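Biologist: Could you walk me through this model? I'd like to hear about the core and the ligand site.

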Amino acid sequence: MSKSHNVWVSRPLFPEVLDHLAQYVGVQAEATERKHTAAELREKLANVDGAIIGLSDRIDSDVIAGNRRLRVIANLAVGYNNLDVPALTAAGILATNTPDVLNETTADYAWALLLAAARRVSSAERWLRAGNWRGGMRFDDWLGLDVYGKTLGILGMGRIGQAIARRAYGFGMPVLYHNRSRLPEDIERECRAAWVEKDELLKRADHLMLVLPYNAQNHHAIGKVELALMKPTAVLVNIARGGIIDDAALAVALREGRVAAAGLDVFEGEPAVHPALRELDNAVLSPHIASASADTRRAMAQLAADNLLAALGHGPDAGHPPSLLNPEVRGGHETKT
Ligand code: DGY
């Protein structure tokens, strides 16, 4: 049966989510994972009413110029620095993301990186796998840093930052945070977190986690100057976005012992990783997988599909995408045919 709308899915997705989409709309889904060029995106989007796209696909005014058909871009991520939302809004195209469903999983992963970097889990495993554990081992080998009881700093205190803070109670860690706007008192109480200025946070945190959105203001929010304020015994964790840390400056600070260790899930220009970071044993590196639990990635895919369908007027949320980034388009987009 022919469907009234056609959509494009830019990366391989769970089959059950594609089946769900196909109940309502014609679906063209990519079978292999790759970054699309602007020209490819322009061509793909010219022939569909909506698309689910991944973080490596950049949707800007150039890509949507002259597109008279596209009504919705559903981003397969909570962060949407790959979307030019003002350009989409100006073109009358709805934009959505996948908030909330990944908060707890991503917070778990931030702790995994903190613990792994502080206690040298990755380098110890590499050493063991290389067959180095033969005779006795010195009592003072593999000394790491304590996490329990230390002061946790969180830069960026949205919903993921708050989920990280709530876990700190179990580790007996006081929490300091900095956010552009201070949280309401009841949330601060629930998170047992105290607001401080950014410099104070950098100076006082025993370990620091970054949970900022990436935008022009947050580019290199942690650079040479900020790293110099941190304690030399601190672990720095970034689960937010590449570009928030100046990776070259961090590599120097880690090499010189001015910051003890880092747990990094995101990188400037990923999938490229600064070569100096790859050399360092005190950096735990992972390929942007903080939200990658089976349940959470399914929930993200399902939410992106729900957003897409709702924007096109299908399914239980018809007309009301659950996580709309540019509600000001509503009303206007109906005129696009
Ligand atoms: C997000 O959702 O923004 C994550 O970084 C991608 O999993």
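Biologist: Which residues touch the most other members of the largest nonpolar core?

Modeller: Happy to help! This is a predicted model, where local features need pLDDT of at least 70, side-chain atom pairs count only at pLDDT 80 or more, and totals for chains, interfaces and linings use all residues. Residues are numbered from 1 along each chain as its sequence is written, and side-chain values use heavy atoms, with hydrogens and water left out. A nonpolar core is a set of buried (under 20% relative accessible area, 1.4 Å probe, protein chains only) Ala, Val, Leu, Ile, Met, Phe, Trp, Tyr and Cys residues joined through side-chain atoms within 4.5 Å. Of the 32 residues in the largest one, those touching the most other members are Trp 111, Leu 152, Ile 154, Ile 164 and Ile 239.

Biologist: Which element gives the most to this core?

Modeller: Helices (H or I, at least four residues) and strands (E, at least two) are DSSP runs, numbered from the N terminus. Elements giving two or more residues include strand 6 (152-155) and helix 7 (159-168). The top contributor, with 9 residues, is helix 5.

Biologist: Which side chain has an N or O atom 2.7 Å from an oxygen atom of the ligand?

Modeller: Three side chains fit, each through a polar contact (a pair of N or O atoms within 3.5 Å). An oxygen atom of the ligand is 2.7 Å from such an atom in Arg 241, in His 288 and in Ser 291.

Biologist: How much of the ligand's exposed area does the protein bury?

Modeller: Accessible areas come from the Shrake-Rupley method with a 1.4 Å probe. Taken alone, the ligand exposes 240 Å², and the protein buries 89%.

Key. A polar contact is a pair of N or O atoms within 3.5 Å; within protein, one must be able to donate a hydrogen and the other to accept it, and residues adjacent in sequence count only if both atoms are side-chain atoms. Buried means under 20% relative accessible area, exposed over 50%, partly exposed in between (1.4 Å probe, protein chains only).
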